[in-house]
Amino acid sequence: MKSIDNSLLSSLIMLSCITTCVMAGWLTREQTIHIINNFGDDSVPLIFRCQSGDDDLGVRSLAKGQEFHFSFESQFFLRTLFFCRFKRGHVFNRSFDLYKDRLDIHLCKYDDSKYTNYYWQARKDGIFFSCNGVDYHKRCDWDQRIPCSH
């Protein structure tokens, strides 16, 4: 009976510590996603909608050169997923995973900061990604049949 009491007490203490750390933000990281319309050829806006299991950011529109950003805290058990659909006119239309905790949480971490930025640029030749907003590489083609790279 005493070993059961000690085991239960140990479990409660561990649960209390984890809960305190999560509530204080010590085990989560704030992620900021930047979406940029870099088509640069005319006045047709980039239309997009991003969602997670908990949040729907609604339908948004970006004119040439504009940026939209949003922030969230990643979940403790690495279950956060944001997916988006980018659309521009009748030719450019693509759905993809914008952020997946298990793959992306450490992708752009440069220091011990609790904040991480992810930059997505929509261009005529595809959808590009960067950790610093300068050095971009292509992640998705507009053709939905071609898988996005990671």
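H34 counts as buried, at 9% relative accessibility. The cut-off for this class is under 20% relative accessible area. H34 therefore falls within the buried class, with its value of 9%. The model described here is predicted. The place of H34 is in strand β1, which covers residues 30-37. Several residues touch H34, leaving aside those up to four places away in sequence. These contacts include E67, F68 and H69. N117, Y118, Y119 and W120 are also among them.

The protein as a whole has 2 helices and 9 strands. From the N terminus on, the order of elements is α-β-β-β-β-β-β-α-β-β-β. The protein has 150 residues, and buried residues make up 33% of them. Contacts with a separation of 6 or more were also examined. Of these, 54% link residues 24 or more positions apart. The accessible surface comes to about 9,300 Å². Carbon and sulfur atoms account for 56% of that surface.

Strand β5 spans residues 81-88 and has two faces. In a regular strand, side chains alternate between the two faces of the sheet. The covered face of β5 holds F82, C84, F86 and R88. The uncovered face holds L81, F83, R85 and K87.

Two pairings of β5 follow. Strand β2, residues 46-51, pairs with β5 in the antiparallel sense. This pairing runs over 5 bridges. Within it, F48 stands opposite F86 of β5. F86 belongs to the covered face of β5. Strand β6, residues 92-100, also runs antiparallel to β5. Here 8 bridges join the two strands. R85 has S95 in β6 as its bridge partner. R85 belongs to the uncovered face of β5. Together, β5 and β6 form a hairpin, with 3 residues between them. The turn contains G89, which has a positive phi of about 65°.

H150 lies in the segment after β9, a strand that covers residues 137-140. H150 is exposed, with a relative accessible area of 52%. The cut-off for exposed is over 50%, so H150 meets it with a value of 52%. K138 is 12 residues away from H150 along the chain. The C-alpha atoms of H150 and K138 are separated by 9.4 Å. The two histidines described here thus fall in opposite classes: H34 is buried, whereas H150 is exposed.

Methods: Residues numbered from 1 in each chain as written. Predicted model: local features only at pLDDT ≥ 70, side-chain atom pairs only at ≥ 80, totals over all residues. Heavy atoms only, no water. Helix = DSSP H or I, 4+ residues; strand = E, 2+ residues; numbered from the N terminus. Buried < 20%, exposed > 50% of the residue type's maximum accessible area, 1.4 Å probe, protein only. Pairing = 2+ DSSP bridges. Contact = heavy atoms within 4.5 Å. Areas by Shrake-Rupley, 256 points an atom, 1.4 Å probe, with all protein chains shown as cover.
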